[in-house]
Amino acid sequence: MDAITLQILNGLDKGSAYALIALGLTLIFGTLGVVNFAHGALFMIGAFCAVTLNRLLTLSHQVVDETRTDFLGNPLKVDVPYMHDLFGEVTGAAIIDWSVPLAILFSIPVMIAVGVIMERGLIKHFYRRPHADQILVTFGLAIVLQEIIKQIFGANPIPTPAPDAFTGSFDFGVLLGFDPNAIIYPYWRLVYFAFAALIIGGVFAFLQFTTFGMVVRAGMADRETVGLLGINIDRRFTIMFGLAAAVAGLAGVMYAPINSPNYHMGMDFLVLSFVVVVVGGMGSLPGAVAAGFLLGILESFASMNEIKQILPGIDQIIIYLVAIIILLTRPRGLMGRKGVMED
Amino acid sequence: MFGLGKKDFTLFLIVAVLALFAPFILNPFPTDSGLAQFNAGYPDLMQRFVIFGILAIGFNILFGLTGYLSFGHAAFLGVGSYAAVWMFKLLSMNVIPAILLSMIVAGLFAVVIGYVSLRRSGIYFSILTLAFAQMSYNLAYSVLTPITNGETGLQITLDDPRVLGVSATADGGIPVTNLFGMEMRSFETLVLGPWEFQFSVGYYLAAIIMLISFYVAIRIFRSPFGMMLRAIKSNQNRLYYTGLNARPYTLAAFVISGMYAGLAGGLLACMDPLAGAERMQWTASGEVVLMTILGGAGTLIGPVLGAGFIKYFENIFSKINDQVVHGWVSFLPDGLEDLVVALIHPFVGKGWHLTLGLLFMLIVIFLPGGLVEGGQRIARRLRRKPAKDDAKSASTTPAE
Amino acid sequence: MSKTTLTRRGVLRTGAVAGAGVALPTIFTASSARAFTNAPTGGSVTLGFNVPQTGPYADEGADELRAYELAVEHLNGGGDGGMLNTFSSKALDGTGIMGKKVEYVTGDTQTKSDAARASAKSMIEKDGAIMITGGSSSGVAIAVQGLCQEAGVIFMAGLTHSNDTTGKDKKANGFRHFFNAYMSGAALAPVLAKMYGDDRKAYHLTADYTWGWTQEESIKAATEALGWETVNAVKTPLAQTDFSSYIAPVLNSGADVLVLNHYGGNMVNSLTNAVQFGLREKQVNGKNFEIVVPLYSRLMARGAGENVKGIFGSTNWHWSLQDAGSKAFVQSFGTKYGFPPSQAAHTCYVQTLLYADAVQRAGSFDPCAVGEALAGFEFDGLGNGPTLYRAEDHQCFKDVLVVKGKENPTSEFDLLEVVEVTPRAQVEYAPDHPMFAGGSLGACNPGA
């Protein structure tokens with residue numbers, strides 16, 4: 001029982017990353033009708049916002065320490081971050097320690113700017129082009145973005161730890177009445193789950209309860225009519241693109257402590273997130289979120305030993321197998337609408 | 001001629017001549033010049049050009065005619081390769097049985113995957129094919145290792161049975177893939193002044209098969225069957241309303257296209273007897289899509305151009321390192337030389353992905369019809385025809 | 001369209017003229033006593049450096065390339081000569097190889113066996129490379145080794161750790177300096193037993209492909225021989241990035257050691273995840289829970305940050321070694337590039353020197369002669385102590401380093417400390433050891 005609870009927890013955690021990316025992807029698709037293959041790259045740029053802020057905060061000057069030597073036998077140059085000079089060693093270290101949460105604030109304007117520039121500069125010109133062209137141009141953009149990141153930061157993963165307060169793990173099982181040590185879960189992953197829930201809830205509330213969201217939803221349903229009513233729907237859609245980029249970016253920032261960011265992490269998530277979106281049903285926001293969590297949980301279950309012993313290799317294919325089954329039984333995914341992307 | 005219209009015959013002739021004289025055309029620079037770096041006329045790359053050309057031609061029969069975008073086409077390529085290598089391991093090193101088996105196995109695979117995937121259309125179809133291909137890749141890499149040899153790739157070894165051939169040659173080596181004794185890897189070198197041209201048996205076999213495939217593709221494009229496929233692309237519903245069931249036609253197109261991919265996979269294995277699982281990865285499937293769209297989807301020659309374009313970058317640009325760039329610009333004063341090298345550096349060698357990505361974007365943005373459209377525009381410039389009525393003819397019948 | 005056809009026709013006409021030349025018997029054949037592929041003709045010789053330049057191992061590939069460039073510089077008499085001065089064989093004198101200036105071409109393996117072979121083929125067919133070296137994974141190494149055997153050139157493997165490279169997939173034209181999974185197990189197990197006791201229960205997480213399996217097999221065999229028990233061994237998909245669902249059950253399995261048979265990005269993520277789950281702070285069976293990473297890559301370990309502290313593993317070489325060869329290499333690499341070399345850089349540098357030296361001693365570039373010169377060659381001064389290139393399987397036998405993540409690193413390069421230098425005798429095995437059985441070297445192939 002505890003093993004199953006543990007895997008559900010794992011699944012929710014994995015699912016929250018999938019759901020966040022799929023949510024942004026669906027927002028773009030639903031509003032603008034564009035298949036954005038560069039969405040994984042936005043997630044990756046988000047993670048590198050955290051890396052960048054960490055680098056900025058640890059900008060250092062070198063102090064020569066005569067007592068120690070470096071690998072060539074010269075006196076060792078010790079890096080001292082400017083933060084330590086500015087705020088004193090204790091506060092400076094604390095600010096650096098909290099760089100990932102701080103990166104949330106840093107990344108929102110950056111990601112919105114990236115999103116708006118992308119939409120105005122490139123995607124705008126592709127609204128009337130075939131989906132295949134959209135895929136190709138955004139795929140090209142994704143390659144360019146990740147190669148630029150690679151040229152700046154290198155190909156290796158870059159450690160971006162969570163604040164000390166959130167490292168370590170929490171005996172979650174005790175809360176549910178299990179024995180101590182039965183279900184141990186890292187603090188940061190619990191934070192990630194809560195954060196994802198917050199963002200998802202926020203996006204839905206924004207679309208549901210604000211006038212802006214109402215107009216956007218109306219535009220998603222019938223763009224032309226909304227335009228005829230004298231509403232500048234294009235400007236709102238541009239903002240939605242920025243918002244979707246910010247959602248992907250935030251998902252990336254918070255993901256950085258879970259797995260050290262590298263330049264190809266976006267591509268790793270890209271295919272998966274498309275499967276999630278399609279399984280959820282093209283254009284359906286609740287579908288994308290539900291499919292994200294569903295696939296996350298199923299993936300976690302498939303990795304259990306008991307299941308792998310019966311079906312070897314099942315964890316390698318589970319996501320795709322589920323996608324096939326769902327698409328064959330439900331033609332438009334879990335919550336897809338008729339006629340969207342079927343031609 | 002050969003049942004082709006005049007225009008098609010001319011096109012076929014051009015392709016045939018280009019393919020047969022590729023060793024000259026692709027080696028325009030003298031061997032010792034600095035520009036020899038850009039020569040592509042060595043056997044391995046020429047083979048890749050035509051083999052990936054076959055793959056793209058086949059993909060275009062499905063995507064260009066029916067509009068069904070398969071995102072799992074690499075699976076057939078991989079399956080074809082595995083089938084061919086197994087043939088080399090078990091039967092003989094002759095390429096004929098290997099090629100036949102690779103087409104048959106890929107065809108069977110395509111029947112199964114197509115039967116299931118074609119129940120859906122649009123992006124749902126794409127994701128279904130993607131899912132099948134990714135499953136094949138993941139399994140081939142791990143639990144199917146006894147069949148596929150996993151990460152290392154399936155290779156021929158000294159202790160394979162090869163019932164119709166020999167396990168090892170007289171001098172203890174692994175036998176070589178051949179066509180009735182003509183070794184695929186053997187080539188002759190022609191030295192003409194400072195130029196060197198290589199003529200490889202493998203390349204010419206692949207080129208001839210490519211021409212046959214190209215011919216078959218033209219016939220399919222022009223046949224009533226091809227017409228039906230175009231009808232499916234333009235309006236499937238209307239077909240249903242006239243009482244026609246489109247499924248058998250799309251399935252046939254899918255299987256044909258899968259067999260083309262299997263043939264390409266089999267040929268890859270004939271030229272170089274190794275089958276790696278990465279051939280089935282989604283990135284490989286994506287590459288086929290890119291080739292076709294880049295060259296010009298729905299046109300006959302476009303996919304071949306696209307395939308050549310991508311393979312050229314992968315093999316030529318990735319090999320340009322700083323040392324080579326320094327060699328080119330060594331005539332400049334030192335400071336300037338370093339500056340130029342620093343400017344070129346991000347785009348060559350390990351940066352070849354960046355250049356490719358940028359070019360994708362430029363082509364898609366400025367040449368919506370792919371490289372074929374680029375060619376048409378240049379042709380139009382040269383002809384100095386009034387642009388207006390040319391644009392009209394281009395939009396009604398994209399040059400094929 | 002017709003205009004292009006016209007210009008093409010122009011091209012074709014020249015083509016036809018040239019085509020007439022084909023009939024002329026101007027076919028080039030090498031005139032030496034015994035022909036071999038790409039026999040160098042002019043005043044220079046070309047080596048092919050085939051390393052990953054794109055994909056997850058690009059940084060490792062870049063470091064390999066730096067080492068190759070340094071080796072070429074030293075072979076041609078540039079720089080401070082590096083390990084040429086400490087190498088026990090004195091055949092090389094800084095005038096290139098057999099008086100020919102060393103040149104090189106580079107290519108991108110993309111860490112895919114297909115792409116690696118394409119790149120190696122272009123070096124052999126187009127650039128006339130006489131030797132191919134490099135690579136950062138066993139799949140690529142084995143695939144390229146097979147190609148070099150068929151083409152008739154020498155392959156000097158770069159970073160490849162699978163037993164198969166010099167086991168069931170060994171080839172007469174292929175040589176490996178790097179150590180292997182068996183050696184990791186044999187070196188690591190005694191240290192683990194000493195540090196953690198011989199009554200331990202191990203849980204393996206293994207990357208689900210050939211290298212992962214041989215690694216798991218080797219470590220299991222070595223630790224079980226010392227009394228450890230293997231509770232479970234779970235395969236993880238190569239493409240996995242989040243290992244939480246594999247790590248979460250470990251704590252309740254009764255195991256008290258977690259062995260991560262992962263490399264590169266897999267290792268960084270699985271180790272990071274394992275530490276996140278707080279495994280190292282737990283007590284199981286009355287003992288501290290421990291994590292082991294059998295194959296360390298310092299470059300990649302940086303990605304795991306603080307998490308590597310105190311974690312044991314093995315490595316082929318480390319820049320902090322104090323023998324004359326290592327010091328000379330670190331000195332010249334560090335002076336040129338500003339940071340210490342990785343183990344991948346070291347093995348690539350050494351392989352290049354060993355090849356050049358073998359050619360020089362054999363007096364010929366003929367792969368068969370070079371192969372004979374390398375087989376059974378005993379040498380020293382290249383950073384790993386006295387080393388033997390065993391004739392039976394073309395595997396180098398030398399000391400293996402057991403390392404530990406350093407608690408107080410002084411710089412971003414100072415991640416590992418050497419715990420023990422396991423002597424060569426302890427990691428040796430018979431050529432027909434079951435983990436290496438099957439396959440044979442075959443005959444050397446000079447090609448042409």
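Helix axes here are lines fitted to C-alpha atoms over the stretch in contact, and angles run from 0 to 180 degrees between N-to-C directions. Helices themselves are DSSP runs of H or I of at least four residues, numbered from the N terminus.

This is a predicted model, in which local features need pLDDT of at least 70, side-chain atom pairs count only at pLDDT 80 or more, and totals for chains, interfaces and linings use all residues. Residues are numbered from 1 along each chain as its sequence is written, with chains lettered from A in the order in which they are written.

Let's start with a helix pair in chain A. Helices α1 (residues 2–32) and α10 (residues 233–255) of chain A pack with their axes 9 Å apart, at an angle of about 170 degrees. α1(A) and α10(A) are therefore roughly antiparallel (an angle over 145 degrees). Among the residues in contact (C-beta atoms, placed from the backbone, within 7 Å) are L20(A) and L27(A) of α1(A), and F237(A) and Y255(A) of α10(A).

Chain B meets chain A as well: 34 residues of chain B are in contact with 31 residues of chain A. On the chain B side, α6(B) gives the largest share, 11 residues. The table sets out both contacts by class; Ala, Val, Leu, Ile, Met, Phe, Trp, Tyr, Cys and Pro count as nonpolar, Asp, Glu, Lys and Arg as charged, and the others, Gly among them, as polar.

| Contact | Nonpolar | Polar | Charged |
|---|---|---|---|
| α1(A) with α10(A) | 16 nonpolar residues | 2 polar residues | no charged residues |
| Side of chain B that touches chain A | 24 nonpolar residues | 8 polar residues | 2 charged residues |

How values were computed: Helix = DSSP H or I, 4+ residues; strand = E, 2+ residues; numbered from the N terminus. Parallel < 35°, antiparallel > 145°, perpendicular 65-115°, else oblique. Contact = placed C-beta atoms within 7 Å.
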